[in-house]
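Biologist: I would like to learn how to read the aromatic rings and their surroundings here. Could you take me through them step by step?

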Amino acid sequence: MITYTFDDSENNVSAKYWSRAFPIEHTHTFYEIIFVCHGTLSTVLDGSERIMNKYDICLVKPENIHIQLPEHSDNPQFYNIMIKASYFESFCDNIYDGVLSTIKSTKELYSSISSSIYTIVLELLNSASLFFNKKQSNQCLNLAAAILIPLLIPRESITIINKTPLTKAMEIMNDPKTINLSVKDVAKQLGYTPEHFSRIFKQEYNTTPQKLFFDIKMQQAKLLLCQTDMSIKTIAYSIGLDSVRYFYTAFKKHFNTTPAKMRTSYRTE
């Protein structure tokens, strides 16, 4: 039995992209999130097989015996997101009371995520592999993990739920129903001044809430452009931008193309 260790001494999170199943039985000393981007992937944890599809995520704990079956998979493309055990467990302790013990006692932790969350996380993972600046790459990986970990928690088995303010902030910013808010609005909902909220957010996630929320808004705008017939003006307003002109400028700077060209390109593919 092979046991893999976490070899990145400079960061708490690492990621590797795969385009084939990994047919070697093994364990880890770290936690791992499997994030499926395309096709189907056969994942076996402690002898129990599950077929994962696009939008599916799975948590592999350090003690899990793990293998993937190529003969039961179909053109899989996926990321393995590797998280140091000490960092993962500290992160969980700061989310809900009792969440770490719940995770450790739950045999299988699978979940399906929304298309908007999928798009955001995929963008972060892809960006992390492109950055030459290690600090920027690490920020993307840490944010991807911070978004996915809470989605794997079996909420129905938690009897006492005490969300930390930053966990609630992440939920507000990733919810399409509240994506039109500003960072000032989010801080107000948490009972913080914008300055204090920005300070503690950056201490925890190593980036500002303004930057993260802006990235999420842009990804939501891209999703709406490509998957709906909403007007560009309506999309801009839906993510909290009152100026269509500013939306055009911000969108082009973020994606290196205009909203109209993005929509046309997507629909002619």
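**Reading the rings**

Modeller: Let us begin with one pair: tyrosine 87 and phenylalanine 91 are both buried, a word for under 20% relative accessible area, whereas exposed is over 50% and partly exposed lies in between (1.4 Å probe, protein chains only). This is a predicted model, in which local features need pLDDT of at least 70 and side-chain atom pairs count only at pLDDT 80 or more, while totals for chains, interfaces and linings use all residues. Residues are numbered from 1 along each chain as its sequence is written, and side-chain values use heavy atoms, leaving out hydrogens and water.

Biologist: How many aromatic pairs does the structure hold?

Modeller: Rings of Phe, Tyr and Trp (its six-membered ring) pair if their centres lie within 6.5 Å, and planes under 30 degrees apart count as stacked, over 60 as edge-to-face and the rest as tilted. The structure holds ten such pairs. The ring centres of tyrosine 87 and phenylalanine 91 are 6.5 Å apart and their planes are at 40°, so this pair is tilted. Tyr4, Trp18 and Phe22 form one aromatic cluster.

Biologist: Which residue lies over the face of tryptophan 18?

Modeller: A charge sits over a ring if NZ of Lys or CZ of Arg is within 6 Å of the ring centre and within 35 degrees of the ring normal. Lysine 16 lies over the face of tryptophan 18, at 5.0 Å from the ring centre, and lysine 217 lies over that of phenylalanine 213, at 4.4 Å from the ring centre.

Biologist: Why does isoleucine 24 count as partly exposed?

Modeller: Isoleucine 24 is placed there because its relative accessibility is 35%.
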